[in-house]
Amino acid sequence: MVRKSTNRRLLTWGFVVFLISFALASAGNAQVKKEAKKDTKKAKKGDTKAQFVQLAWPEPPETPRIKFTDILASDLDVGRKVTGKESFRRFLTGEKPQLSHIYQPRDVVVSDDGKRIYASDFGAAVVFVFDREAKKIIKMPASYPFGLALDDQENLYIAEEDNRRILVFDRAGNNIRTITHEKLIRPTDITIDRARNRLYVADPAKKDSPEHSVKIFDLEGNLLGTIGKGKGECQGCLFFPTYVAVDKDGNVYVTSTLSSKVVVFDLNGNYLRDIGHRGDGFGMFDKPKGVALDSFGNVYVVDSGWSNVQIFNPQGEVLLFFGGRGDYPGLLKNPTGITIDKNNNIYVADFLNYRVTVYQLVNTKAEDSYVKLPDAGDVPEKTVIADQKQSIGKNEVSRVNAEPNK
């Protein structure tokens, strides 16, 4: 009875902290955006000298774990300089130089060396290649591209949703292979398990179809099997699976968007567990989409509805979230895909902000991924809440660096 009473008090305190912290976080974000209003206007006008407050999560005095670092939207973001001819034309006519600017990013992947970032633009029907080394953008035409993946040769795999196929291109841009199958109805996101030469394809099919699953192909395009027990809410069932990721052990993480959870399967397709569920609290989802893992095995889940990214440890316990709805650099607006490179740089397809927003995991070790719960009878309730890092106030921002972004 004492234990149950203590747990009940913890939940009550947690809910109070949730409400108060949410109000504080909203006020904090509003104040930051108000203070930076002039810089935002300058940036939208193409002024690259705008000084932005750099956002980080969680707020001080706690150690920052996620730091906003960059935006990729046009060729100026990879270092292209305005030419003398463009400057002269602008001087004479007032006309701004034409930019290659992303429109509706759905997914993003990055090369192993971090020099090239690929983003599918569903609205413009191209894949943008942000080449940081060459300081230019390359556009690869594709029919309503959705998911992207790279193999160990940096061949690019592009899921074309309407055409029910995956196109494969080499580094030179040559189409070297096309993967399709009669059972592939509506390919959305894709990911590659390089260790096992497997291609996973999320297939939400059609609204009235029972075939809501993940298809497994080898890299030559042979269908190996499917994952999922069919359309529905049962354990192992999927309801509009849209994004997919795989960890080093071959476990598969699938965002079941309309059942508001991530479903985890093992290498053989057996159901393991769910992460999250529908709701408006910490660790809950509205419309989960992109999913990725960092080098510590933590799971990052994009929520398009709440416009944030939540982080769970390998056991599925929620640790932190970052982002929040807005157009200020570092905030998100209906984000979709996500990828994380080997240095724990985090790239998020920021759909309605027309950009890729980049963050970095900082000040973090493997042991930071584990939630340590003290005995509830030995410490105040608020301390337990803080130790679990389960305060919505962690979404507040901090000014860790006021230097201009690239």
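This report describes the make-up, cores, hairpins, surface and salt bridges of one protein chain.

## Overview

The structure is a predicted model. The protein contains 4 helices and 25 strands. Of its 406 residues, 53% are buried. Among contacts with a separation of 6 or more, 49% are made by residues 24 or more positions apart.

The accessible surface of the protein is about 18900 Å². Carbon and sulfur atoms account for 51% of that surface.

## Nonpolar cores

The largest nonpolar core is made of 24 residues. Within this core, Ile66, Tyr300, Phe322, Ile346 and Tyr359 have the most contacts. Several strands each supply at least two of its residues: strand 2 (66-72), strand 20 (299-303), strand 21 (308-312), strand 22 (318-323), strand 23 (338-340), strand 24 (345-350) and strand 25 (355-361).

Ile66 shows how these parts of the chain come together. Residues up to four places away in sequence aside, Ile66 touches Tyr300, Phe322, Ile346 and Tyr359, among others. Its partners also include Leu55, Ala56 and Trp57, as well as Gln360, Leu361 and Val362. A second core, separate from this one, has 16 residues, including Phe146, Ala245, Phe282 and Val291.

## Strand 24 and its two neighbours

Strand 24 is largely enclosed by the rest of the structure, because 6 of its 6 residues are buried. Side chains in a regular strand alternate between the two faces of the sheet. In strand 24, Asn345, Tyr347 and Ala349 point one way, while Ile346, Val348 and Asp350 point the other way. Residues in both groups are buried.

Strand 24 runs antiparallel to strand 23, and 3 bridges join the two. One bridge pairs Ile338 with Val348 of strand 24. These two strands form a hairpin with 4 residues between them, and Asn344 in the turn has a positive phi of about 65 degrees. Strand 24 is also antiparallel to strand 25, with 6 bridges between them. Here Asn345 stands opposite Gln360 of strand 25. This hairpin has 4 residues between the strands, and Tyr354 has a positive phi near 55 degrees.

## The hairpin of strands 21 and 22

Strand 22 also contributes to the largest core. It is largely enclosed by the rest of the structure, since 6 of its 6 residues are buried. Strand 21 and strand 22 run antiparallel and are joined by 5 bridges. Asn308 has Gly323 in strand 22 as its bridge partner. The two strands form a hairpin with 5 residues between them, and Gly316 in the turn has a positive phi of about 90 degrees.

## A surface patch and a buried loop residue

Tyr354 lies in the loop between strand 24 and strand 25. Its relative accessible area is 37%, so Tyr354 is partly exposed. Together with Tyr103 and Leu352, Tyr354 forms a nonpolar patch on the surface. The accessible area of the three residues together is about 270 Å².

Ser100 is also a loop residue, placed between helix 3 (84-93) and strand 3 (105-110). Is Ser100 buried or exposed? Ser100 counts as buried because its relative accessibility is 18%, where the cut-off for buried is under 20%. Apart from neighbours within four places in sequence, Ser100 contacts Ala73, Ser74, Asp75, Phe128, Ile137 and Lys139.

## Salt bridges

The model has 17 salt bridges. One of them joins the side chains of Lys115 and Glu133, at 3.1 Å from N to O. Lys115 is in the loop between strand 3 and strand 4 (116-121), and Glu133 is in the loop between strand 5 (126-131) and strand 6 (136-141), 18 residues apart. Lys115 is partly exposed at 34% relative accessibility, and Glu133 is exposed at 54%.

Glu154 takes part in two salt bridges described here. In its bridge with Arg116, the closest N and O atoms are 2.8 Å apart. This pair links the loop between strand 7 (145-150) and strand 8 (156-160) to strand 4, and the partners are 38 residues apart. Both Glu154 and Arg116 are buried, with Glu154 at a relative accessible area of 11%. Glu154 also meets Arg171 in a salt bridge of 3.6 Å, N to O. Arg171 is in the loop between strand 9 (165-169) and strand 10 (175-179), 17 residues from Glu154. Through shared partners, salt bridges join Asp113, Arg116, Glu154 and Arg171 into one network.

Notes. Residues are numbered from 1 along each chain as its sequence is written. This is a predicted model: local features need pLDDT of at least 70, side-chain atom pairs count only at pLDDT 80 or more; totals for chains, interfaces and linings use all residues. Side-chain values use heavy atoms; hydrogens and water are left out. A nonpolar core is a set of buried Ala, Val, Leu, Ile, Met, Phe, Trp, Tyr and Cys residues joined through side-chain atoms within 4.5 Å. Buried means under 20% relative accessible area, exposed over 50%, partly exposed in between (1.4 Å probe, protein chains only). Contact means heavy atoms within 4.5 Å. Patches are made of residues with over 30% relative accessible area and no salt bridge: like charges are joined within 9 Å, nonpolar side chains (Val, Leu, Ile, Met, Phe, Trp, Tyr) within 5 Å. Accessible areas come from the Shrake-Rupley method with a 1.4 Å probe; for residues, only the protein chains shown count as cover. A salt bridge is a side-chain nitrogen of Lys or Arg within 4 Å of a carboxyl oxygen of Asp or Glu. Two strands pair if DSSP finds at least two bridges between them.
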